[in-house]
Structures are given as structure tokens and as C-alpha cells.
Amino acid sequence: MLTNSFRFLPGISALGERQLWQAGVHGWDQLQQPVPCLSAGRLKTAREQMAQARLRLAERDPVWFSERLPAKEHWRLFPEFRDRIAYLDIETTGLARHDQITTIALYDGRRIRTYVQGDNLAAFQTDIREYDLLVTYNGKCFDVPFIEKTFAMHLPQAHIDLRFLLRDLGFRGGLKGCERQLGLDRGQLQDLDGFFAVRLWQDYQRSGRRASLETLLAYNIEDVVNLETLLVLAYNKKLQGTPFADSRRLVLPRRPDIPFAADAATIRRLHSRY
């Protein structure tokens, strides 16, 4: 979809882009021809910027495009940079500034990695540098600031925050609410939320029960695996407002094998305690 897009060009609004599509200008190459809905000056500027866009795409630089596209249009980056995506989610001891990260789950569509406080959490700082595009739910407001504060680092990657993309499509109610509305089922983890994740960590810290940590990691991983499915669903819904609904449509991803399983007895025990 990125190579069918013109919103990152100076002076091209949503209406202007639709006019280009209606005029049969569906891709970057067609800007080399006369375009009746653009003035000669604007067409010259567009062609100059398009040369830069080709270079940035060849160099695999999603940040250049994200800085020029409106935030609600960042979904257009998805297919072209799918091999450089990190789906990211953190769990914490709470929501206050003094709280700490307990676990991080990272998924790139092929490999699942987890990071645990007191074990390998510091390794995240190196691993995240492998990726050029982050996908989160509410990560711009929560996960990324928390990570940057914890590790005293800056995450420079382009960022698709599904909270805002799904809201633009009419889906609200948090990550779990959006999942339910879009037909995703978490099984044993269906009724767990961020507060329960805090209880799982506290129980692990108090008792050292491995089942509590593995249930927490299973929950954390479920978030990032589902982010990929949600992004594909949102991407296809966004395409419906373009001439490319069929030609650019993506198939749903295969669900990976999850390395941890939720422990039903642990969930029942903690539910009964609170």
C-alpha cells in the first residue's frame, strides 16, 4: 500500500490523494506522466520528493515515511516493512512512575522472545535495535515511555500504535475489548487483565512458583501474538476505503507455538484470593 500512497508528499491531502486515485494514478510510477489534478509546480515537487521516497524505501527506512504520513496513516507501512517489525508489550508492577517492568514480550512474526526482571531483562536493550518498526497497543502512551525511562534509552523506530488505528475504525474497549469485537479468543487467558498480571508477578516473587511466572509470560506473549492478527485485520479494513481492497488484501497470519502455557490451578487460586 505504501507504493500506492501519496499522503507523505507535500501538499497532498486525503482529498488530493483520492483525486489522484480517481484519475487513475494508483502508483508512484504514474507520477512520471501528466497528472490533470495537480498543477505543474505541485507535480514537479511531488516528483522530486518521490525520488527521495524511492531511495528511502530501498534503504529500508520506515521512519522517513512515518515522519511525513499522518499518524493515523502509519498502517500503510506494514507490508513493506513487515520483516523489520517488533510486536511489543510490557507488564509492570503497576501504573505509577515508580513502578517497574516485570516482563517484556517481543515477537517479530517468526520468533518469540521474553525478558524477565532479575533474569535477562537487560538483553532487551540490544535485541530491540534489530527492528525498524514497532507495533503496540497504547505503546506510545505507556510501553515506550516506560521502556525509555527504565533503560535510559531512546527507541527511534517508526511506531504503529493499534489503539489509535483501531479507534479510527470504531473499535474501543482496550486491547481485550478490541480482540473480542474482532473475534479473537484467548482461551484460558480470556478473563485475565493487567491487574491480574501484577498478581501473578507478586505471587512469583513471594513464592517462587514457576507456574505463576509461566502464566504471566503466556499472558504477555498472547498480547504480542495477537497484535499481528489485529494489525492484519485493521489493515484490510483500512484498504476498503481505497481502490486496493482486493489487490493488497493480506491473509491472516499463522499462530506461532507459544513456549509457555497458563496454569489453570494458579489462575483459580489467585482468583479465589482476590
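**Exercise 1. Two threonines in one helix**

Which residues does Thr229 touch, not counting residues up to four places away in sequence? Then place Thr215 and Thr229 in the chain and state whether each is buried or exposed.

*Solution.* The model is a predicted one, and the values below are computed from it.

Step 1. Start with the contacts. Leaving out residues up to four places away in sequence, Thr229 touches Leu184, Leu252 and Pro253.

Step 2. Find the element. Thr229 is found in helix α9. Thr215 is also found in helix α9.

Step 3. Apply the cut-off. Buried means under 20% relative accessible area. Thr229 has 17% relative accessibility, so Thr229 counts as buried. Thr215 has a relative accessible area of 0%, so Thr215 is buried.

Step 4. List the neighbours of Thr215. Again leaving out residues up to four places away, Thr215 touches Leu189, Leu192, Leu200, Ala261, Ala262, Asp263, Thr266 and Ile267.

Step 5. Check one of these pairs in sequence and space. Thr215 and Leu189 stand 26 residues apart in sequence. Their C-alpha atoms are 8.8 Å apart.

**Exercise 2. Build the sheet**

Give the strand order of the sheet and name the strands at its edges.

*Solution.*

Step 1. Write the order. Five strands form an open sheet, β3-β2-β1-β4-β5, with mixed pairing.

Step 2. Read off the edges. β3 (112–116) and β5 (158–161) each have a single partner strand, so one side of each is left without a neighbour in the sheet.

Step 3. Add the twist. From one strand to the next, it averages 25 degrees.

Step 4. Place a helix on the sheet. Helix α5 (residues 143–151) lies across β1, β2, β4 (133–136) and β5. Its angle to β1 is about 75 degrees.

**Exercise 3. Follow strand β2**

How many bridges pair β2 with β1, and how many join β2 to β3? Name some of the facing residues, and describe the turn between β2 and β3.

*Solution.*

Step 1. Recall what holds such pairs. Strands of a sheet pair through backbone hydrogen bonds, either parallel or antiparallel.

Step 2. Take the β1 side. β1 and strand β2 (residues 101–107) are antiparallel, with six bridges. Ile90 stands opposite Ile104 in β2. Leu88 has Leu106 of β2 as its bridge partner.

Step 3. Take the β3 side. Here five bridges join β2 to β3, and the two run antiparallel. Thr103 stands opposite Val116 in β3.

Step 4. Inspect the turn. β2 and β3 form a hairpin with four residues between them. Gly109 in that turn has a positive phi of about 90 degrees.

Step 5. Check burial. Seven of the seven residues of β2 are buried, so β2 is largely enclosed by the rest of the structure.

**Exercise 4. Compare two pockets**

For the largest and the second largest pocket, give the volume, the lining and the element that gives the most residues.

*Solution.*

Step 1. Size the largest pocket. Its volume is about 560 Å³.

Step 2. Describe its lining. The lining holds 24 residues, and Glu91, Leu95, Phe142, Lys176 and Gly194 lie nearest the centre. By type, there are nine nonpolar, seven polar and eight charged residues.

Step 3. Trace the sources. At least two lining residues come from each of β1 (85–92), α7 (174–181), α8 (194–207) and α9 (210–239). α7 gives the most, with five residues.

Step 4. Size the second largest pocket. About 210 Å³ of space lies in it. It is lined by 13 residues, and the closest to its centre are Glu17, Arg18, Glu73, Arg76 and Gly241.

Step 5. Sort this lining. Three residues are nonpolar, two are polar and eight are charged. Helix α1 (residues 14–22) gives the most, with four residues.

**Exercise 5. Describe the whole chain**

How many helices and strands are there in the chain, and what percentage of its residues are buried?

*Solution.*

Step 1. Count the elements. The chain has 10 helices and five strands.

Step 2. State the burial. Of the 274 residues in the chain, 50% are buried.

Step 3. Give the dimensions. The C-alpha trace spans about 70 × 35 × 30 Å along its principal axes.

Step 4. Look at contact range. Take contacts between residues at least 6 apart in sequence. Of these, 63% join residues at least 24 apart.

How values were computed: Residues numbered from 1 in each chain as written. Predicted model: local features only at pLDDT ≥ 70, side-chain atom pairs only at ≥ 80, totals over all residues. Heavy atoms only, no water. 1 Å grid on protein atoms, 1.4 Å probe; cavity = no way out; pocket = protein on both sides within 12 Å on 5 of 7 lines; lining within 4 Å. Points joined across faces, edges and corners; volume = space filled by probe spheres on them. Nonpolar A, V, L, I, M, F, W, Y, C, P; charged D, E, K, R; others polar. Pairing = 2+ DSSP bridges. Axes fitted to C-alpha atoms, helices over the stretch in contact; angles between N-to-C directions. Contact = heavy atoms within 4.5 Å. Buried < 20%, exposed > 50% of the residue type's maximum accessible area, 1.4 Å probe, protein only.
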